[in-house]
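Colleague: I have a model open and would like to learn how to read it. Can we go through it feature by feature?

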Amino acid sequence: MASVGKSTNIFWQECSVGKLDRQKLLKQKGCVVWITGLSGSGKSTLACTLGRELHSREKLSYVLDGDNLRHGLNKNLGFTAEDRAENIRRVGEVAKLFADAGLICIASLISPYRRDRDSCRALLPDASFIEVFMNMPLELCEARDPKGLYKLARAGKIKGFTGIDDPYERPLNCEIEIKPENGFCPPPSDMARQVLTYLEDKGFLQE
């Protein structure tokens, strides 16, 4: 990982248009919906379905997908514990900016370490960081294996793969937990509805 130096001689610039002004314009409240879980647990499916549902309600959102971000913003990072931490730190900072802009930011990442997720939570005001835990067992995720990664990990072709030879630390106090239904991942619309209901109840879909 490239070394990150500390910035010096910098000052915070205040602008006349603030977060409340942007929320009033968009008629919604900015927040971060942070979707975490094992590979193959349905994170990206939920993120994209939720984004589409919000769009249909004329609510502005943006999906930060872990794999997509590694094509650009985080393309210089690997999968060591240090690089994973920096990956999540960067995404957390970007998500914070989206939320401050008044958007509903949907971050979809394995984010296996509890400490890193908690650091992202600490960036946001109380209640505007919504942790969604895709509580799908390893057996189900491995059976789904949409990207073929578990097969490669089991063959020893991928090292440090979360759930196989690297740990996943389950959330302790997540806002939303999505569990299997009859041994399978729930339909995308059902998962999105669960998150939408939470957003509605907490007032994020109104100014």
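Colleague: What covers the buried residues of H4?
Modeller: This is a predicted model. The cover over the buried residues of H4 includes H1, S1, strand S2 (61–65), helix H3 (66–69), strand S3 (104–108) and helix H5 (114–123).

Colleague: Which residues of H4 are buried?
Modeller: Buried here means under 20% relative accessible area. In H4 that holds for Asp83, Arg84, Glu86, Asn87, Ile88, Arg90, Val91, Gly92, Ala95 and Ala99.

Colleague: How do I check the span of helix H4 against its 20 residues?
Modeller: Use 1.5 Å a residue. Helix H4, residues 81–100, should then span 28 Å, and its end C-alpha atoms are 29 Å apart, so the two agree.

Colleague: What comes just after H4?
Modeller: Gly102, with a positive phi of about 100°. The backbone oxygen of Gly102 also lies 2.9 Å from a polar side-chain atom of Gln28.

Colleague: Where is Gln28, then?
Modeller: Gln28 sits in the loop between helix H1 (19–26) and strand S1 (31–36). Its relative accessibility is 1%, so Gln28 counts as buried. Beyond its neighbours within four places in sequence, Gln28 is in contact with ten residues' worth of surroundings, including Lys59, Leu103, Phe204 and Glu207.

Colleague: Which residues other than glycine have a positive phi?
Modeller: Take two cases. Asp145 has a positive phi of about 35°. Asp145 is in the loop between helix H6 (138–144) and helix H7 (149–154). Asn182 has a phi near 55°. Asn182 lies in the loop between strand S5 (176–178) and helix H8 (188–201).

Colleague: Is each of them buried or exposed?
Modeller: Asp145 is at 17% relative accessibility, so Asp145 counts as buried. Asn182 is at 77%, so Asn182 counts as exposed.

Colleague: How should I read a nonpolar core?
Modeller: In soluble globular proteins, nonpolar side chains tend to be buried together. Here the largest nonpolar core has 31 residues. Val33, Leu46, Ile130, Val132 and Leu199 touch the most other members.

Colleague: Which elements give two or more residues to this core?
Modeller: They are S1, helix H2 (43–56), S3, strand S4 (129–134), H6, H7, S5 and H8. H8 gives the most, with six residues. Apart from this core lies another, of 14 residues. Its members include Cys105, Ala107, Leu109 and Cys120.

Colleague: What does Ile130 touch?
Modeller: Leave out residues up to four places away in sequence. Ile130 then touches Cys31, Val32, Val33, Trp34, Glu175, Ile176, Tyr198, Leu199 and Phe204.

Colleague: How many aromatic pairs does the structure hold?
Modeller: Four. A pair of aromatic rings is described by the distance of the centres and the angle of the planes. For Phe133 and Tyr168 the centres are 6.1 Å apart and the planes are at 15°, so this pair is stacked.

Colleague: Which parts of the chain does the pair link?
Modeller: Distant ones: Phe133 is in strand S4, and Tyr168 is in the loop between H7 and S5, 35 residues apart. Phe133 is buried, with a relative accessible area of 5%. Tyr168 is buried too, at 17%.

Colleague: What does the UniProt annotation cover?
Modeller: The unreviewed UniProt entry annotates residues 29–179 as "domain: APS kinase". In the model, that span is 40% helix and 17% strand. Its end C-alpha atoms lie 27 Å apart.

Note on methods:
Residues numbered from 1 in each chain as written. Predicted model: local features only at pLDDT ≥ 70, side-chain atom pairs only at ≥ 80, totals over all residues. Heavy atoms only, no water. Helix = DSSP H or I, 4+ residues; strand = E, 2+ residues; numbered from the N terminus. Buried < 20%, exposed > 50% of the residue type's maximum accessible area, 1.4 Å probe, protein only. Polar contact = N/O pair within 3.5 Å; in protein donor to acceptor, adjacent residues only side chain to side chain. Contact = heavy atoms within 4.5 Å. UniProt positions renumbered as here; feature names shortened; annotations may be inferred. Expected span 1.5 Å × (residues − 1). Core = buried A, V, L, I, M, F, W, Y, C linked by side-chain atoms within 4.5 Å. Phe/Tyr/Trp six-rings, centres within 6.5 Å; stacked < 30°, edge-to-face > 60°.
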